[in-house]
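Reader: Please take me through the terms used for this model. I would like each one set against its definition.

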Amino acid sequence: SSQVQSIIHQVEGEVKLLLPTAIVPPSEDPAVGARDPALVLRLEPYMEGWSKVMSGAVEEVLKKQPQGNGPLAEIDFWKERYSLLSTLYEQLKQPVVQTTLGILKA
């Protein structure tokens with residue numbers, strides 16, 4: 001279900017992390033959330049999914065080679081790499097992700 005959605009997004013050329021927005025309000029204090037075992041159990045699959053998506057994306061980026069010869073092919077190669085990795089980075093900066101990570105670290 002959620003892994004299938006992640007795979008579909010990757011196949012479409014879009015890497016999207018599933019976010020627990022309905023579970024964790026961004027204002028949640030990580031120390032308080034970490035004391036709630038039910039919340040931690042609900043958040044762990046998100047973290048596992050993020051790890052799989054990021055590992056798959058990095059693996060895919062490392063496999064790719066420039067398509068063609070010359071400087072334009074090289075520029076396109078690095079633009080594509082930058083685009084994928086910056087998309088992941090921007091998603092990881094979202095408050096709900098930071099709160100989730102804080103809860104799971106605490």
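**Terms and cut-offs**

Author: The crossing of α3 and α5 is left-handed. The model is predicted, so local features need pLDDT of at least 70 and side-chain atom pairs pLDDT 80 or more, while totals for chains, interfaces and linings use all residues. Residues are numbered from 1 along each chain as its sequence is written, and side-chain values use heavy atoms, with hydrogens and water left out.

Reader: What makes the crossing of α3 and α5 left-handed?

Author: A crossing has this name if the near helix is turned anticlockwise from the far one by less than a right angle; clockwise would make it right-handed. The crossing of α3 and α5 falls on the left-handed side of that rule. The angle between α3 and α5 is about 115°, and their axes are 10 Å apart. Axes here are lines fitted to C-alpha atoms, for helices over the stretch in contact, and angles run from 0 to 180 degrees between N-to-C directions.

Reader: Which residues of α3 and α5 meet?

Author: From α3 come Leu39, Val40, Leu43, Glu44, Met47 and Trp50, and from α5 come Val97, Thr100, Leu101, Ile103 and Leu104. Contact means heavy atoms within 4.5 Å. By kind, nine are nonpolar, one is polar and one is charged. Ala, Val, Leu, Ile, Met, Phe, Trp, Tyr, Cys and Pro count as nonpolar, Asp, Glu, Lys and Arg as charged, and the others, Gly among them, as polar.

Reader: How many helices and strands does the chain have?

Author: There are five helices and zero strands, and the order from the N terminus is α-α-α-α-α. Helices (H or I, at least four residues) and strands (E, at least two) are DSSP runs, numbered from the N terminus.

Reader: Why are α3 and α4 called roughly antiparallel?

Author: Helix α3 (residues 37-63) and helix α4 (residues 71-92) pack at about 165°, with their axes 10 Å apart. Angles under 35 degrees count as roughly parallel, over 145 as roughly antiparallel, 65 to 115 as roughly perpendicular and the rest as oblique. The value of about 165° lies over 145, so α3 and α4 are roughly antiparallel. Val53, Met54, Ala57, Val58, Val61 and Leu62 of α3 make the contact with Arg81, Leu84, Leu85, Leu88 and Leu92 of α4. These divide into 10 nonpolar, no polar and one charged.

Reader: How do you know whether Leu88 is buried or exposed?

Author: Its relative accessibility is 4%. Buried means under 20% relative accessible area, exposed over 50%, and partly exposed in between (1.4 Å probe, protein chains only). At 4%, Leu88 therefore counts as buried. Leu88 lies in helix α4 and touches Val15, Leu17, Val53, Met54 and Ala57, not counting residues up to four places away in sequence.

Reader: What makes Phe77 and Trp78 an edge-to-face pair?

Author: A search of the whole structure finds one aromatic pair. In it, Phe77 and Trp78 are 5.1 Å centre to centre, with 80° between the planes. Rings of Phe, Tyr and Trp (its six-membered ring) pair if their centres lie within 6.5 Å; planes under 30 degrees apart count as stacked, over 60 as edge-to-face and the rest as tilted. Both values meet the rule, so the pair is edge-to-face. Phe77 is buried at 12% relative accessible area, whereas Trp78 is partly exposed at 44%.

Reader: Why does Pro66 count as partly exposed?

Author: Pro66 has 26% relative accessibility, and therefore counts as partly exposed. Pro66 is in the loop between α3 and α4. Leaving aside neighbours within four places in sequence, Pro66 is in contact with Ala73, Glu74 and Phe77.
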